[in-house]
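Q: I have a model open and would like to learn how to read its charged pairs, its chain contacts and its cysteines. Where should we start?

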Amino acid sequence: MRSVTTADRAPGPYRLGEEHEMLRDAVRVLADERVAPRAAEVDRTGEFPEDLRRLLADHDILALPFPTEHGGLGGELLTVCLAVEQLSRACATTGLILAVQELGSLPITLAGTAEQQARWFPALASGEQLIAFALTEAEAGSDAAALRTTARRDGEAYVIDGGKRFISHGSVADLVVVFAVTDSDAKRHARLSAFVVEVPSDGFAVTRLEHKMGIRGSPTAELAFNGLRVPAANRLGEEGDGWSIAMRTLDRSRPGIAAQAVGIAQGALEVATAYARERKQFGQRIGDFQQIGAMLADMDAGVEAARQLLYKACVEIDAGAADASRWSALCKLVAGDTAMRVTTDAVQVLGGYGYIDEFPVERMMRDAKITQLYEGTQQIQRLVIARALLGTAD
Amino acid sequence: MRIVVLTKPVPDPASGAERLLPDGRLDRAASPAVVNGNDEYVLEAALKLVEAAGEGEVILLSMAPATAPETMRKALAMGAHRGVLVTDPALEGSCAVATTRVLAAALKTIEFDLVFAGVDTSDGVAGVVPAGIAALNGLPYLSYAAGIEPDMTARRVRVRRISPTGFDVLEAAMPALISGTQALGEPRYPSLKGIMAARNKTIDTLALAELGIDPSTVGTAGAKTKVHAWEPPPPRAATRVIRDAPDEAARQVVAFLAERRLV
Amino acid sequence: MTRILVVGEVDATEAITKLSTEVATLARALADALGMETLGLIPSAGAEGGAGEFARYLPTVVVDDGVASGATASERAATIFAALESSLTDVHHVLLPASPDGRDLAGALSAFTGWGVLANATGAGSGDDGLVVEQSVFGGKLITRSTFTDGLGIVTVRPNTVTAVAQDAPGTVETRTTAPTASVAGVSVVDRIESEGAAVSIDDARIIVSGGRGVGGAEGFALLQDLADALGGAVGATRAAVDSGWIAYSQQIGQTGKIVKPQLYLALGISGAIQHKVGMQTAETIVAVNRDPDAPMAEFADLYVVGDLVEVGRALLDQLRARAG
């Protein structure tokens, strides 16, 4: 008797395997039935949806990115992105809950010791705890390496002073990965280290929550660190590894944002298509007019192209491609711009109805904008791609 | 408690793409394969029983083309513990007689307390294979189950069998073979945990030689039936649409029925 | 001269089932076309009453009382197998009703004899190589014609394939006892429960009034029952109605329910999606009432009324009752 495990069949690059389809469909059903009905309210109130975070935890969705030995489901990048995409189709804020959980934990996955992973992963996998990624500062956005928060060694601890801005989940996270300068004299990219701050902690404060254009249910926080003590055992990797950890993290987390963008765009396309089928003007449904039909066709082409690039990028990054940075930047660049264009067109298709909150497309358009901004602006993505193409100057 | 669940990958009935090959055999490549609908109900029943017992396993058994592991994956994701697949190119084109013999032989290689099967499959709809397997292997056969209650201590099983006027309660000793229907209850959606766990579950394959079956007695070579001709059914006449008010509409319906001597 | 064996079924009151008489009628026509003879068999002790009725449709009917009246289909199959090997060696084809018991019997008999099975026949006739069986496959998308490769076989026949026609003069009934040769693992019937107000069976109903999601609730089905009574038919339902608990699973028509071929299928509040369509699309006449003018049912119904099913249904009921006087 010959044994064949179902794991023998890895998905090919052009078709999702049965397992991925099952997973995608399972998340879609949940998104349609339980998340979608809450989306408008989450946007209107701007409140973090604790109930939806618990829903994701209960259904093991937050466990997807974590290794099985710590209670996770051992999902690869493609699996996580499939889930983010389906959730974001219904509600961009909810898709972000999974995406940020992945973003925040990647530094621990990439640079944490076995002991650190065993310490933090179980509660993150179960969804009991949330984690945030704190790199950006008021004066250090695209120029992240210029950040100024410091971490001074003091015996068996570090003392962190400074602050962070625009940190997703900064006010609801139990763990915050903070990037700080440990050696201001070192070369630019060796100045930083990464620390896992356990919250609440003396010296850690949330000083502001932003009122945003979109993803309004996702708390975006300003953090202040005043003599915040962090055990040395909470440092990830060695001193000076911070920049590398941050960049390698973004290489793997950008597809998550691309997935959010693809999901938002798909959701908008579906609303616009349904509207074009139902709405009649001049004696026929508006979808049958060429101007509308052409718009919808272009929207579909855009979403599908962004989606396929995303899936391909996930597979390449997981396979250890040498140009992972390029794949990561490509998929986020294309998906973000597509989401903005498709959601804007969706509002256009709905005409006046697209502008009011009776239909979700105005929210989707507001939600889409962030995918061109965070985890590296589109301009930064282009920089990364150009650099990959051209190499450094001789 | 060990329950074998017979499963069959069938062309997806929702696809509408099923068709036959030029020689009359089913073209399995024409549409994606899914687990036969009725098999999911008995699988769900098996999973519930093993979960309630707190021990045991659910084993899938299938006779299918080599691509079957993909279809069995959903059943594994629902919670089945492992699978056994009998696959051999010589089996292509097998009729119900060969299918019965092969599955009966494969069943003999597995230790079990109960075997569950769907009453029929959406591609063949014959509903004869489970009864045949039971007859060949000397197993008590209880069919059209709407409820299944095993008693592991007494080694007996009770089945509620749908009858024209209600239901009968049947009982037999284990091991037994039971065929079941939709009345057993909705199958669960595979959970994410189940979907990911399915990766590491094994499907053991069996070839005909291991079962001691002569290839010339199965497959197209050994088939007892042959499809000679096929065509779409005669088209129905065009639909006549009535949009009148209820009384007038009803009047027209009655006239229509009277014309056809149905009233 | 070979013979076609027709296995008859009796119901709980020992009466021969309507489907059995249809199969017998079909067998007679086949025998004429193929130059064969027919023989009826009821493998059940004490079935003389039903056998008498069965004999109106066949020249000879044998009651084999080697089988207890409460025996399972597998036990009956063992007795038939023994008979085929001893006194009925000239039987090359066995025709059975495609009822649940009939299918069970066909399966066990096929295993004992090694004969092929052509199931759910919607027609049968003669061809160059002998018996040709017509079947409807892929949810009715195709009609196929098949034969047995070695001239031996078992056929299960669907309800309403032919109309039962009695012979000019009734046939004879004999009793035999055959001891089964194959052993069958025992199954005992511990109880028989009759449901309160068990519905008229849809299996071989001539007319079915069927309801779907549009009926809206269990109370809504009362109107359908009234219509069914007025038309002399049975009430059917889609999966949606059964899943919602409005009507029992025994009345469900479709992919995971029953496949029916009534003369009239009156569909109220049914969209006609493929899962249901495969269960009823071969009905001779399909009349549908639905609020949605674009439902899939509109494409294959013979008569499609766009309207509220309660209003149209009540008007229809009133008019049918008025007609009956």
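A: Start with one charged pair. This is a predicted model, and in it the side chains of Glu231(B) and Arg145(C) form a salt bridge, with N and O 3.3 Å apart. The pair runs between chains, from strand β12 (residues 225–231) of chain B to strand β8 (residues 142–148) of chain C.

Q: Are Glu231(B) and Arg145(C) buried or exposed?

A: Neither label fits. Glu231(B) is partly exposed because its relative accessibility is 35%, and Arg145(C), at 27%, is likewise counted as partly exposed.

Q: What is the general idea behind such pairs, and how many salt bridges does the structure hold?

A: Side chains of opposite charge can pair when their charged atoms come close. Over all chains, the structure holds 60 salt bridges. One of them joins Lys164(A) and Glu137(A), at 2.9 Å from N to O. That pair links distant parts of the chain, 27 residues apart: Lys164(A) is in strand β4 (residues 157–168) of chain A, and Glu137(A) is in the loop between β2 (131–134) and β3 (150–154) of chain A. Both Lys164(A) and Glu137(A) are buried.

Q: Which residue forms a salt bridge with Glu53(C)?

A: Arg56(C) does, and the closest N and O atoms are 3.0 Å apart. Glu53(C) has a relative accessible area of 32%, so it is partly exposed. Arg56(C) is also partly exposed, at 35% relative accessibility.

Q: Which residues do salt bridges that share partners join into one network?

A: The network consists of Glu19(A), Glu76(A), Arg73(B) and Arg199(B). Within it, the side chains of Glu19(A) and Arg199(B) meet at 2.7 Å, N to O. The count between chain B and chain A is 4 salt bridges.

Q: How is the size of an interface expressed, and what area do chain B and chain A bury between them?

A: The size of an interface is often given as the accessible area lost when the parts come together. For chain B and chain A the buried area is about 2,200 Å², with 61% of it on carbon and sulfur atoms. On the chain B side, Leu192(B), Met196(B) and Arg199(B) lose the most area to chain A, together 31% of what that side buries. The contact involves 24 residues from chain A and 20 residues from chain B.

Q: How many residue pairs are in polar contact between chain B and chain A, and which elements of chain B take part?

A: There are 2 residue pairs in polar contact, counting pairs with both residues at pLDDT 80 or more. The elements of chain B that give two or more residues to the side touching chain A are α2 (68–78), α5 (192–197) and β11 (202–206). Of these, α2(B) gives the most, with 6 residues. By class, that side of chain B has 10 nonpolar, 2 polar and 8 charged residues.

Q: Which of the touching chains have the most contacts?

A: Among the 2 pairs of chains that touch, chains B and C have the most contacts. No contact joins chain A and chain C, and their closest C-alpha atoms lie 13 Å apart.

Q: How many disulfides does the structure hold?

A: It holds 0 disulfides over all chains. Cys314(A) is in none, and the nearest cysteine sulfur, that of Cys81(A), is 3.6 Å away; the cut-off is 2.5 Å. Cys314(A) counts as buried because its relative accessibility is 0%.

Q: Why is Cys331(A) not bonded to Cys314(A)?

A: The sulfur of Cys331(A) is too far for a bond, because the closest cysteine sulfur, in Cys314(A), is 6.4 Å away. Cys331(A) is buried, with a relative accessible area of 0%.

Notes: Residues numbered from 1 in each chain as written. Chains lettered and ligands numbered in written order. Predicted model: local features only at pLDDT ≥ 70, side-chain atom pairs only at ≥ 80, totals over all residues. Heavy atoms only, no water. Buried < 20%, exposed > 50% of the residue type's maximum accessible area, 1.4 Å probe, protein only. Contact = heavy atoms within 4.5 Å. Buried area = accessible area lost by both parts, 1.4 Å probe. Polar contact = N/O pair within 3.5 Å; in protein donor to acceptor, adjacent residues only side chain to side chain. Helix = DSSP H or I, 4+ residues; strand = E, 2+ residues; numbered from the N terminus. Nonpolar A, V, L, I, M, F, W, Y, C, P; charged D, E, K, R; others polar.
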